[in-house]
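I opened this entry to note what I looked up, one element at a time. The model comes first, then my notes.

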Amino acid sequence: MDMDKLVSLCKRRGFLFQSSEIYGGLNGFWDYGPLGVELKRNIKEAWWRDMITGHDDLAAPAGAPDVFQMVGLDSTIIMHPQIWKCSGHYDLFHDFMVDCRESKKRYRYDQVRGRWLSAKGKEIFVCTSVEASQEDADLQQRALKFFNLRGKDVDQLAWKGETITLAKLERQPSDEGSYSAVLGPDAKELGTLTEPREFNLMFKTIVGAMGTEEDAAFLRPETAQGIFVNFKNVVDSSRVNVPFGIGQIGKSFRNEITPRNFTFRSREFEQMEIEFFCHPSQSPQWYQYWRDRRFRWYTDLGLAGERLRLRDHDQDELSHYSCGTADIEYAFPFLPPGEFGELEGVAHRGDFDLRSHMEGKLVRQGETLVVEQGADGKPRHRGSGKDLTYYNEITRERFLPHVIEPSAGADRATLAFLCEAYHEDQAPDEKGEMQTRLVLRLHPRLAPYKAAVFPLVKKDGMPEVAQRIYRDLKSQFTVYYDDKGAVGRRYRRQDEIGTPVCITVDGQTLIDNTVTFRDRDSLKQWRVKVDECRAELGKKVMA
Ligand code: GAP
């Protein structure tokens, strides 16, 4: 699938717009248009329904070690700054970046890639930061320009080795600190890149009118911490018993150094996170359950092909507190063949989070986690001091629950569902001639409109019947009414936004009170009685 075609469809049909576009746009921020907002809401509602409100508290689902409860939460975006100190985000949530003294641009260290080459008796390491598909072309063009060569002189460039990240570049001791043989991604001269430096990804803001550093706060970089700090509130107010999960959907903010790949890496995005609290002895089984359950959620909604995979992290990839993490990944079309991008992480987090908020920021010491101490011997970041242990009244045991965290991105899921749904096939036009058809094969639960209603012509009472059907369906489904242009064109307009069913009022309706139902994917048509349209549509889209 050609990503450019999807991006252009998203803009043309109102799924996604660049934020602040009339002012030249703002990098890393995206607006969802009238169709995009419906699609993303349907994804979030499917998640909320399937994970929270639709969950059966009374029976253990297949694969689950026990019965469990699920509840929801909506915590604030700005929270007490100490939360981020104890969670580790304040000290550790950073990327390494390099600056270019010449172009004044800043790059993520692991995203600057380059290759050695020699020409005219000189050896340099030429860099690029463009997307993978354009990397080779950009490297060649930059090398030719640097050596003042033309396209026909390309044979004079002697490339050495593979393209590697700047982080993997082996330097001579004399180069240390200067990158003297490196041509930065936007530089004309060598040696303009700085050494990598840490850059915290949290957006800072000021709370209140004083505007001092003491009033500094952060926009949350994940929704998860809002759940951990409310653990006790939920236990005390909601009659939940461990094991249980708290789900939350909401905005998160990360000041990504190089936002890219459409909405994949944005600076403002939405997460759908569950923190599942369980007894430590059962946590490996619960981890397995959630890993499989969450993968199935995507396949059930249409990401059923080879482009979706579940990848267990190697031991050396695990966070210092985690004893198991798996990523649900999708082979987005903007990635090089064979590469996958993360849709969701399912992590076993042990008791790291609740302990951090109780005792203070933790660090690993050998096999155990201990409260990190400052030079004065006191906790580097002090916890709340509140008791976050859980008391099981039946077993009379007090313990600190372990946490399994399935953490998904609503924007990445939206993008993956769009990529997977995008198809071009052949379908007959009004004259019966085969034409290329663009169709979004979205799962009916996710499709922005469940049906479109058309009168074949704007006369003979057809619009009146079509409008009656439209209004009747509207009470239960999101439906669209269209009476403009040839009916074939109207079908195409619905196909390319993923509407599963089109309903047409035609000449026969006036004779036998039936309408034509047409299926988006099979193009099959069948007749349905006017007063059975609602039930028939329900069968099609709520199956
Ligand atoms: N609480 C754990 C956590 O936040 P994460 O892997 O950093 O884990 C979880 O984020 C999910 O949030 C990712 O799998 C991804 O879907 C989404 N996400 C993270 N950063 C994102 C970004 N810059 N743009 C869009 N989605 C992002």
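I took two strands as paired if DSSP finds at least two bridges between them. Helices (H or I, at least four residues) and strands (E, at least two) are DSSP runs, numbered from the N terminus. I noted that this is a predicted model, in which local features need pLDDT of at least 70 and side-chain atom pairs count only at pLDDT 80 or more, while totals for chains, interfaces and linings use all residues. Residues are numbered from 1 along each chain as its sequence is written, and side-chain values use heavy atoms, with hydrogens and water left out.

Entry 1, a sheet of 7 strands.
I read the order as β3-β13-β14-β22-β17-β16-β15, in an open sheet with mixed pairing. At the edges I found β3 (69-72) and β15 (308-312), each pairing on one side only. Neighbouring strands here are turned by 20° against each other on average, direction ignored; the axes are lines fitted to C-alpha atoms, for helices over the stretch in contact, and angles run from 0 to 180 degrees between N-to-C directions.

Entry 2, strand β14 (residues 268-278).
I counted 10 of its 11 residues as buried, where buried means under 20% relative accessible area, exposed over 50% and partly exposed in between (1.4 Å probe, protein chains only). Strand β13 (residues 244-253) runs antiparallel to β14 and is joined to it by 10 bridges. Ile 246 has Glu 275 in β14 as its bridge partner. With β22 (residues 402-409), β14 forms 6 bridges, again antiparallel. There Met 272 is partnered by Ala 408 of β22.

Entry 3, β16 and β17.
β16 (residues 324-330) and β17 (residues 341-350) are antiparallel and share 7 bridges. I found Ile 328 opposite Glu 344 in β17.

Entry 4, a sheet of 5 strands.
This open sheet is also mixed, in the order β26-β25-β27-β28-β29. β26 and β29 (525-529) are its edge strands. I noted 3 bridges between β25 and β26, in the parallel sense, with Val 453 opposite Tyr 481 in β26.

Entry 5, helix α11 (residues 462-474).
Which residues of α11 are buried? I listed Met 462, Pro 463, Val 465, Ala 466, Ile 469 and Leu 473. Seen down the axis of α11, the buried residues fall within an arc of 160° (from the directions from the helix axis to the C-beta atoms), so they line one face of the helix. The face turned away from that buried side carries the exposed Arg 468 and Arg 471. The buried residues of α11 pack (contact means heavy atoms within 4.5 Å) against elements including β25 (451-455), β27 (501-505) and α14 (533-541).

Definitions and conventions: The expected span of a helix is 1.5 Å times one less than its number of residues.
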